[in-house]
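Here is a quick tour of a few helices and how they sit together. Have a look at the model first, then read on.

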Amino acid sequence: MERSISNRFYFDYNATSPLSKRVVDFLHSGDFLFGNPASLHQSGKKSRKFINESIEYIQRLFNLREHRLFFHSGASEGINSIFKGLAFKFFKEGKKASFFFSEVDHACVVQLKNDLEALGHVVQFFGVDKNGLFDKEKLIKSLLNEVSEGRECFMNYTYVNNESGVVWPLEWAAEIKKETRCFVHVDAVQAAGKIPNWEVLNEELDAYTFSGHKFGALKGIGFTFFKKDLEFNPLIVGGTQQEGLRAGTENALGVYSIKLALHDMKENFNPDDLSVAKNELEEALVEFIGDRGEVVARSSPYRNLNTIFLVLYGQKAEVLSAKFDMMGIDLSTGSACSSGIIKENRILMAMGYSYEDSRAALRFSFSPFLRKSEVAGYVEKIKSILK
Ligand SMILES: Cc1ncc(COP(=O)(O)O)c(C=O)c1O
């Protein structure tokens, strides 16, 4: 991927990623797989073939033998499909279920609360500490408590946090599963290209959701793996596409772009190179900033390889981000509301930061292909803006 895109420096890979090389090359070929995969003519059959080929590739890559998958428009839809789908199923059966989310989950999880409660279910949130980690024993206890009351439990597990870059190991999720037998959905949106062994998943866990645009595929396409025996109400009904799991004409080009982008990532991602480059950049920034700020969860071993979430004491994120923008750098404050005014950052507040600090955060999220040779130039640029 390019170091500089459209003459800008792009440090917002957790928001979205540029298209991967194989995807760009395919688009340049001028073949957009326009045929409806449900059609029986040659154009339709061609789209179907590309979808089947992509499914085979994805299944081989992630190697989950007890799961199947469906495609959707992206992780927000995938996550809504799973949790609302389960909530509807239980509602129809007259059963009350318990949902466990964390305070640092993505908004597409957190905002399910009202709808799930409207269906009569209970939604509980678990907190995190200053390093973005949760208390596993306490969580297991709470889940077991619900189970002992005869309630089915469904939990979301954010593998890699999009704001803080904090990683919750999959082994912890597997331990929770083993101890409680509760349903565990893994939000794996921020895994590919941001942690080592991103493609190694745990067969015990019930479901995983990915979003194409986070790793170089097109926007508007994602996929969710779920255990073959899981039953849930489909969120989108209509046609019989994808065996009724998600009605609507299938997005052959989007699906194929996922295959191409995953292929690129699998072939080219080198966690050691990224780690060396990111650490060097982070060390230079930390030295420059001194006691004027801090990198969130800096001393924790549970961090991804591409994210530096920086709190600059007494600063206003909107002022800083406007400066970066003017100087040609794209990054995120992680807390702009729709009117562009900076609100407190929900994730930092959950991690115990003050209201002021949570309005003074900048998130740098780098390309999976950041290299040591680029770091010195980036550091100089960033320093010149922060000065
Ligand atoms: C952790 C996480 N979950 C879910 C989503 C939602 O993904 P999408 O934009 O594909 O709907 C995002 C997007 O930022 C994310 O970072």
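Let's start with helix α3: 14 of its 18 residues are buried, so α3 is largely enclosed by the rest of the structure. Buried here means under 20% relative accessible area, with exposed being over 50% and partly exposed in between (1.4 Å probe, protein chains only). Helices are DSSP runs (H or I, at least four residues), numbered from the N terminus.

A word on the source: this is a predicted model, where local features need pLDDT of at least 70 and side-chain atom pairs count only at pLDDT 80 or more, while totals for chains, interfaces and linings use all residues. Residues are numbered from 1 along each chain as its sequence is written, and side-chain values use heavy atoms, with hydrogens and water left out.

Back to α3. One of its residues is K89, as the helix covers residues 75-92. K89 counts as buried because its relative accessibility is 17%. Leaving aside residues up to four places away in sequence, K89 touches E231, F232 and N233; contact means heavy atoms within 4.5 Å. After α3 comes G94, which has a positive phi near 75°.

Helix α8 (residues 252-268) gets a similar look. Of its 17 residues, 13 are buried, so α8 too is largely enclosed by the rest of the structure. The table puts the spans of both helices, from first C-alpha to last, beside the expected value (1.5 Å times one less than the number of residues).

| Helix | Residues | Span | Expected span |
|---|---|---|---|
| α3 | 18 residues | 25 Å | 26 Å |
| α8 | 17 residues | 24 Å | 24 Å |

Now for the packing. Two packed helices are described by the angle between their axes and the distance between the axes. Axes are lines fitted to C-alpha atoms, for helices over the stretch in contact, and angles run from 0 to 180 degrees between N-to-C directions.

How do α2 and α8 cross? Their axes come within 9 Å, at roughly 35°. Residues on the α2 side of this contact include F50, Y57 and L61, and those on the α8 side include V255, K259 and L262.

The other pair is α10 (residues 317-326) and α12 (residues 372-386), packed at about 130° with axes 10 Å apart. That makes α10 oblique to α12, because angles under 35 degrees count as roughly parallel, over 145 as roughly antiparallel, 65 to 115 as roughly perpendicular and the rest as oblique. L320, K323 and F324 of α10 meet I382, I385 and L386 of α12.

Definitions and conventions:
Helices (H or I, at least four residues) and strands (E, at least two) are DSSP runs, numbered from the N terminus.
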